[in-house]
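Welcome, and thanks for bringing this one along. Shall we go through it together, one question at a time?

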Amino acid sequence: MVRAAPRAMMLGCAGTVLDADECRFMADADPAGFILFKRNCESPEQVRALVASLRKAVARPDAPVLVDQEGGRVTRLGSPHWREPPAPALLGALAGIDNTAGVRASWLSARLVAADLHPLGITVNCAPTLDLRLVEASQVIGDRALGADPHAVARLGRAVADGLRAGGVVAAIKHMPGHGRATADSHAVLPRVASSLKSLSTRDFVPFRALRDAPAGLTSHVCYTALDSDRPGTLSEAVIGEAVRGAIGFDGLLISDDLSMGALTGPVGARAAAALAAGCDVALHCNGKRDEMREVAAAVPRLTGRARERFECMITSRHEPEAFDAVAGRRELDDLLVRVTPP
C-alpha cells in the first residue's frame, strides 16, 4: 500500500527528548520534517537520539531535519561539543581583501559545518543567508550577511551551498526575496520596505537569482510595498509569485519563515493556511508549543502536486559526503581567517 504524503509543515520540538505524548502528537500530525534549536541540542549522542526519535515517530527515515547553523550569533550547535563557525560577515570581510581566499574560506566553513551536522542525522542547514548587509537597516541581519555587494554575496553564498552539499547536507537559502533593507526586526514586528521593484531586482534579488537552483529556501516576513501594500512576503501571493518564483526564478521547495514570529498576526493556524495559499510549499513552526502545533496541523493539508514534487526533489538532492580531512580543513580555515577581524 502506498503511504499518504506527509502534511505540508515542518515542526520544532520542546526539549532534548520526545516524551510519549509528543511522540503520539508527531505521529498523528505527520509533519514533512522537523527543525532543531539550541534548546534541543545538548550533546552529539543526545541529538542523534532525538533525531532518530523524530523520524521514528512519523515512520519516515528520510524525513528532513533542519537547523540554523549559520555561524556567528546564529549557531544552534556550539561549544563544548561543536566548533562554532565564523560569522558570515567575517567571510565577507576576507573576500573584500582577497576574493579567492574568501570563497575558499566560505566553502571550508560550510564543509566543516556539514561534517558536524551529517553524523547527527541533520540533513538541511538553513543557510546561506543571502540578504544584503546595509548599515541603515535593522541589525537583525547585520553580521549574518556575507556582505553588502550583491555579486560578492552571490559568490560566497554559492561557496557555502557547495560546501554543505559536499558534506551531504542540503542548503536552504534565505530570506527570499531579501530581508536586508528591513529597518525593523521581523521577530518582533512587521518591517515595511518601500523600495521600488527595480531597485530590489537590481540589488536584493541578485544573490537569490544566482542561487535559484538551490533545493530549498525560506521566505521573509517583510512587507514589500511595491508588490503588496499590506501583507508580509510569506503571506503574499504577489511577492511569492512575482518576486520569488518570477523575478528570482526559484523553483525549489519554498518554506515559510517561522510562523510564530511577531511580524505575523492572527491565529497561528490561519497564518499557516495563508502561507500555503500565497504559494509556500511548507509551513514552518518552530517554538515547540503543542497547542500552536495542533493549530498548524489542523490548518494544513498533505503535500500534493508541485509542492510534493519539490519536497521529494529536495530529499533526493542530498548525497553521501565526499572525502574530507576535517582537521586539515579547520587548520586551513583558521589560517585564512587570521587575516581579518570582525567588521
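Here are some questions and answers on the core, the backbone and a helix pair. This is a predicted model, in which local features need pLDDT of at least 70 and side-chain atom pairs count only at pLDDT 80 or more, while totals for chains, interfaces and linings use all residues. Residues are numbered from 1 along each chain as its sequence is written, and side-chain values use heavy atoms, with hydrogens and water left out.

Q: Which helix gives the largest share of the largest nonpolar core?
A: A nonpolar core here is a set of buried Ala, Val, Leu, Ile, Met, Phe, Trp, Tyr and Cys residues joined through side-chain atoms within 4.5 Å. The largest one holds 104 residues, and L36, I122 and I255 touch the most other members. Its largest share is 8 residues, from residues 99-117, and that helix is α4. Helices (H or I, at least four residues) and strands (E, at least two) are DSSP runs numbered from the N terminus.

Q: What does L36 contact beyond its neighbours within four places in sequence?
A: Contact means heavy atoms within 4.5 Å. With those neighbours set aside, the partners of L36 are C13, C41, V47, L50, V51, L54, V65, L66, V67, R76 and I122.

Q: Is D30, with its positive phi, buried or exposed?
A: D30 lies in the loop between α1 (20-29) and β2 (31-36), and its phi is near 55° although it is not a glycine. Buried means under 20% relative accessible area, exposed over 50%, and partly exposed in between (1.4 Å probe, protein chains only). D30 has 3% relative accessibility, so it counts as buried.

Q: Is A59 buried or exposed?
A: A59 also has a positive phi, of about 55°, without being a glycine. The loop between α2 (44-58) and β3 (65-67) is where A59 is found. Because its relative accessible area is 54%, A59 is exposed.

Q: Where is the residue that follows M176 across a cis peptide bond?
A: The cis bond joins M176 and P177, with omega about 5°. P177 is placed in the loop between β7 and β8 (192-193).

Q: Is α5 roughly parallel or roughly antiparallel to α6?
A: The axes of α5 (residues 150-166) and α6 (residues 197-210) come within 8 Å and cross at roughly 25°. Axes are lines fitted to C-alpha atoms, for helices over the stretch in contact, with angles from 0 to 180 degrees between N-to-C directions. Angles under 35 degrees count as roughly parallel, over 145 as roughly antiparallel, 65 to 115 as roughly perpendicular and the rest as oblique. Therefore α5 and α6 are roughly parallel.
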